[in-house]
Amino acid sequence: VQLQASGGGLVQAGGSLRLSCAASGGTFSSYTVGWFRQAPGKEREFVSSISGYTAYADSVKGRFTISRDNAKNMVYLQMNGLKPDDTAVYYCAARLGLWARGVGSYSYWGQGTLVTVSS
């Protein structure tokens with residue numbers, strides 16, 4: 001499966017953005033799709049994932065919402081209440097099977113989209 005993330009940009013603290021992940025190839029509904037982020041000088045970290053179950057990192061719980069539209073092969077990440085600490089390159093990734101939060105658990109990755117939150 002091929003993935004393409006989009007929707008990043010520059011936003012002020014407290015603002016919102018919606019990221020999109022478009023998938024092609026494979027049976028999309030069979031995949032768990034996750035969002036990860038990597039800030040400068042830091043390791044890539046789990047943000048959220050969706051299969052038949054949604055999961056969130058504690059740092060985004062209550063502010064971010066993941067959803068998917070299998071008919072359109074799309075996954076979205078609605079990000080509200082953005083903070084400067086959310087600044088990072090955001091990646092979508094996919095894996096066959098149940099949800100997971102480890103970077104190494106995902107086989108397919110899209111290119112990143114940069115989110116910058118100004119204070």
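Rings of Phe, Tyr and Trp (its six-membered ring) pair if their centres lie within 6.5 Å; planes under 30 degrees apart count as stacked, over 60 as edge-to-face and the rest as tilted. The model is predicted: local features need pLDDT of at least 70, side-chain atom pairs count only at pLDDT 80 or more, and totals for chains, interfaces and linings use all residues. Residues are numbered from 1 along each chain as its sequence is written, and side-chain values use heavy atoms, with hydrogens and water left out.

**Exercise 1. Find which residues the ring pairs link into a cluster, and describe two of the pairs.**

Solution.
1. The cluster linked by ring pairs consists of Phe36, Phe46, Tyr91, Tyr106 and Trp109.
2. The whole structure holds seven aromatic pairs. In one of them, the ring centres of Phe36 and Phe46 are 5.8 Å apart and the planes stand at 80°, so this pair is edge-to-face.
3. Phe36 belongs to strand E4 and Phe46 to strand E5, so their pair ties together parts 10 residues apart in sequence. Strands (E, at least two residues) and helices (H or I, at least four) are DSSP runs, numbered from the N terminus.
4. For Phe36 and Tyr106, the centres lie 5.1 Å apart with planes at 75°, so that pair is also edge-to-face. Tyr106 sits in the loop between E9 and E10, so the pair with Phe36 in strand E4 ties together parts 70 residues apart in sequence.

**Exercise 2. Decide whether Phe36, Tyr106 and Trp99 are buried, partly exposed or exposed.**

Solution.
1. Buried means under 20% relative accessible area, exposed over 50%, and partly exposed in between (1.4 Å probe, protein chains only).
2. Phe36 has a relative accessible area of 0% and is buried.
3. Tyr106, at 4% relative accessibility, counts as buried.
4. Trp99 reaches 33% and counts as partly exposed. This residue is in the loop between strand E9 (88-96) and strand E10 (108-109).

**Exercise 3. Trace how strand E5 (residues 45-50) is joined to E4 and E6.**

Solution.
1. Two strands pair if DSSP finds at least two bridges between them.
2. Strand E4 (residues 31-38) and E5 run antiparallel and are joined by five bridges. Here Phe36 stands opposite Phe46.
3. E4 and E5 make a hairpin with six residues between them, and Gly41 in the turn has a positive phi of about 75°.
4. E5 is joined to strand E6 (residues 54-56) by three bridges, again antiparallel. Ser49 has Ala55 in E6 as its bridge partner, and three residues lie between E5 and E6 in their hairpin.
5. Five of the six residues of E5 are buried.
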